[in-house]
Amino acid sequence: MFRIKGVTALLSMTALTAPAFADDVEVMHWWTSGGEAAAIAVLQEDLAERGTGWTDMAIAGGGGDAAMTALRARVVAGNPPTAAQMLGMSVREWAEEGFLGNLNDVAEAEGWNDVIPPAVQAFGTYEGEWVAAPVNIHRPHWVWGNAEIFAEIGMEMPTNWDEFFAAADAMQAAGYIPVAQGGQAWQEATIWEAVVLSISPDLYESALINADMDALGSAEMAESFEIYRRILSYADDGYAGRDWNLTTAMVINGEAGMQIMGDWAKGEVIAAGLTPGEEILCAVVPGTDGSFLFNTDFFAMFDVGDDAAAAQRNMAAAAMSVSFQETFNLAKGSIPARTDVPSDNFDACGQTSMADIVEATESETLFGSLAHGHGQPASVQAAYIDVVTQFANSDMSAEDAVEALVASVGSAL
Ligand code: GAL
């Protein structure tokens, strides 16, 4: 279905046109789970229709840590891919280092400035120039629940922590794993940052976005670790090292009642042939309605010379078309990065996100996700996540975690 290198070479030889592979893009990304792969296939197909071939450079590992290491190695070796998936802060960092191509002409032709929310534009532009195409807006603070298990315990999806823990206890009593959890640093940070937001949007903003030392050392921050410790107590023994999509599968197949995870989990639900909001229920993490954490996946184009420029522009234009943004985000679980995509075809969870982001923008409770590269530069982000993962994998007290957080973030700033 997609053009592969050999076929491209053959066509170029026959037609005696441009150098072989010039109209291909080599794309580095970390979308390897069922839902993620289904979503990226949409982009491959769209590009194939525009005559641009695709050389796939998938690096497995949710959250993209492994992909970012591989990307760095390629760039250091002087051999960057033509395009790479990246999260907000890293777009800025690569642009600062001068590696990214300028996408202003595509952005202008397609009117990006008029349809992309300013919060997303802030990460896709560098010194006023577009350097990366935003394909989606993910919301990382959701609870996914197995509807049959909720029906069996006779409860609704939780709207506050008391209800969450009551449901978890009932699920445990009924013989289920109450809260399926994955054991990687970014997954642990995804849950913890949602808990911080649930305490208050102010705490999230001051401690995680502004790295305010008083907020980081506060009693409220200790409370976030207490709640997180309690959530962890509902994990099963197989938690260490578990991938996020295998964790989602536990909720899908009825082994576990709930998972706290971003809406990429919805992509797994859809890939399993189920309907989000029906067999698998969604609710924002207790206490976080009215606020919106976001992370956007960007495709940045590396400056690899003129030969690749046309294919790169094609890819940027494809990734930003209204029809692509609809089809892609329906499969990915996210909402479009463009505000002019109709919401009609999105499920209940997606429509909630589309409405909530407007509300959160107005009430100034829209923040970048720290766990997903939209809160702090990579080195400072690591200082937070190190402490969270240390806490999750030891019996560290909440007070000690707060002390460690202040020290760790303080020395990284
Ligand atoms: C996020 C990314 C999502 C999703 C997830 C798990 O950082 O933005 O697109 O794929 O990681 O891999």
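In this predicted model, the side chain of asparagine 295 places an N or O atom 2.8 Å from an oxygen atom of the ligand. Lysine 332 makes a similar approach with a polar side-chain atom, which lies 2.8 Å from a ligand oxygen. For histidine 138, the separation between an N or O atom of the side chain and an oxygen atom of the ligand is 3.4 Å. The surroundings leave none of the ligand surface uncovered: on its own the ligand would expose 310 Å², and the protein buries 100% of that area.

Turning to the wider surroundings, the ligand has 14 residues around it. Those that come nearest are Glu36, Asn295, Asp297, Lys332 and His372. Asn295 and Lys332 thus appear in this nearest group, and each has the polar approach to a ligand oxygen described above. By residue class, the shell is made up of six nonpolar, five polar and three charged residues. The space that the ligand takes is the largest cavity.

It is helpful to view this site against the layout of the chain. The domain assignment gives two parts, each built from two segments: domain 1 covers 8-138 + 294-356, and domain 2 covers 142-293 + 370-412. Where does the ligand lie relative to domain 1 and domain 2? Both domains give residues to the shell around the ligand, so the ligand lies between them.

The two domains also meet each other directly, with 30 residues of domain 1 in contact with 24 residues of domain 2. Their C-alpha centres lie 28 Å apart. Taken together, the model shows a ligand that is 100% buried by the protein and that lies between domain 1 and domain 2.

Key. Residues numbered from 1 in each chain as written. Predicted model: local features only at pLDDT ≥ 70, side-chain atom pairs only at ≥ 80, totals over all residues. Heavy atoms only, no water. Near = heavy atom within 4 Å. Polar contact = N/O pair within 3.5 Å; in protein donor to acceptor, adjacent residues only side chain to side chain. Areas by Shrake-Rupley, 256 points an atom, 1.4 Å probe, with all protein chains shown as cover. 1 Å grid on protein atoms, 1.4 Å probe; cavity = no way out; pocket = protein on both sides within 12 Å on 5 of 7 lines; lining within 4 Å. Sits in = over half its atoms within 2 Å of the grid points. Nonpolar A, V, L, I, M, F, W, Y, C, P; charged D, E, K, R; others polar. Domains from an automatic or database assignment. Contact = heavy atoms within 4.5 Å.
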